[in-house]
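Good morning, colleagues. I should like to take you through one structure, beginning with its interior and then turning to single residues. Please look at the display.

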Amino acid sequence: MSSTNSCHFIGRLGQPPVKRMVGEKHLIKFSIATNRKYKDGNGEKKEETTWVNLEAWRGLAQGMGSLDLQKGALLAVHGEYQQTQKDGVYYHSFRMTSFEVLDWGPNAKKNEGNDWTKAPSSGEPDLGQGW
């Protein structure tokens with residue numbers, strides 16, 4: 001049986017994405033909140049929020065950057081988990097390979113001229129460098 005490095009998250013955007021250029025490559029950074037509801041040992045309802053920090057590079061970043069994504073938008077993202085080590089410290093990251101906007105949120109409007117609501121999934125993703 002073969003293995004795969006694949007992560008999926010569905011969550012709400014914490015704030016509008018931050019866009020910038022790294023050399024000639026597009027980069028976009030943002031965070032989504034994922035929630036888990038459960039009952040504790042006493043039967044009390046609990047909710048736990050985990051923030052997932054994300055980055056997208058090149059074409060995917062350019063496409064996401066053309067959208068009017070606002071705080072609260074519901075996103076589904078897919079990508080790969082990465083772990084790197086520098087000076088004895090481990091760093092964890094999530095390399096995004098595709099995304100889909102599930103709900104634009106109450107204050108956002110779609111950019112009708114752009115069809116970037118789903119990233120292309122054919123072929124190897126253009127993920128850029130810097131990981």
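The largest nonpolar core of this predicted model has 20 residues, and Phe30 and Met96 have the most contacts inside it. By nonpolar core I mean a set of buried Ala, Val, Leu, Ile, Met, Phe, Trp, Tyr and Cys residues joined through side-chain atoms within 4.5 Å. Buried stands for under 20% relative accessible area, exposed for over 50%, and partly exposed for what lies in between, with a 1.4 Å probe and protein chains only. At least two residues of this core come from each of strand E1 (7-13), strand E3 (25-39), strand E4 (45-57), helix H1 (58-65), strand E5 (74-86) and strand E6 (89-103). E6 provides the largest share, four residues.

A word on the ground rules. Residues are numbered from 1 along each chain as its sequence is written, and side-chain values use heavy atoms, with hydrogens and water left out. Since the model is predicted, local features need pLDDT of at least 70 and side-chain atom pairs count only at pLDDT 80 or more, while totals for chains, interfaces and linings use all residues.

What is Phe30 in contact with, leaving aside its neighbours within four places in sequence? The partners are Leu13, Pro17, Val52, Asn53, Leu54, Met64, Leu75, Val77 and Met96, where contact means heavy atoms within 4.5 Å.

Let me now step back to the protein as a whole. It contains one helix and six strands, arranged from the N terminus as β-β-β-β-α-β-β. These are DSSP runs numbered from the N terminus, with helices being H or I of at least four residues and strands E of at least two. Of the 131 residues, 33% are buried. Among contacts with a separation of 6 or more, 59% join residues 24 or more positions apart. The exposed surface is about 8,800 Å², of which carbon and sulfur atoms supply 45%; such areas come from the Shrake-Rupley method with a 1.4 Å probe, and for residues only the protein chains shown count as cover.

I turn next to strand E5, where Gly79 is placed. Is Gly79 buried or exposed? Gly79 is buried, because its relative accessible area is 1%. Leaving out residues up to four places away in sequence, Gly79 touches Asn5, Ser6, Cys7, Phe94, Arg95, Met96 and Thr97. With Met96, 17 residues along the chain, the C-alpha separation is 4.2 Å.

Strand E3 offers two further residues. Thr34 lies in this strand and counts as buried because its relative accessibility is 17%. Beyond residues up to four places away in sequence, Thr34 touches Phe9, Ile10, Gly11, Glu48, Thr49, Thr50 and Val52. Lys39 also lies in E3, yet it counts as exposed, because its relative accessibility is 58%. Not counting neighbours within four places in sequence, Lys39 is in contact with Glu44 and Lys45.

Finally, some charged side chains. Glu55 belongs to strand E4 and counts as buried, because its relative accessibility is 18%. Its side chain makes a polar contact of 3.3 Å with the side chain of Lys29. Polar contact here means a pair of N or O atoms within 3.5 Å; within protein, one must be able to donate a hydrogen and the other to accept it, and residues adjacent in sequence count only if both atoms are side-chain atoms. The charged end of Arg36 sits over the ring of Tyr38, 4.3 Å from its centre. That description requires NZ of Lys or CZ of Arg within 6 Å of the ring centre and within 35 degrees of the ring normal.
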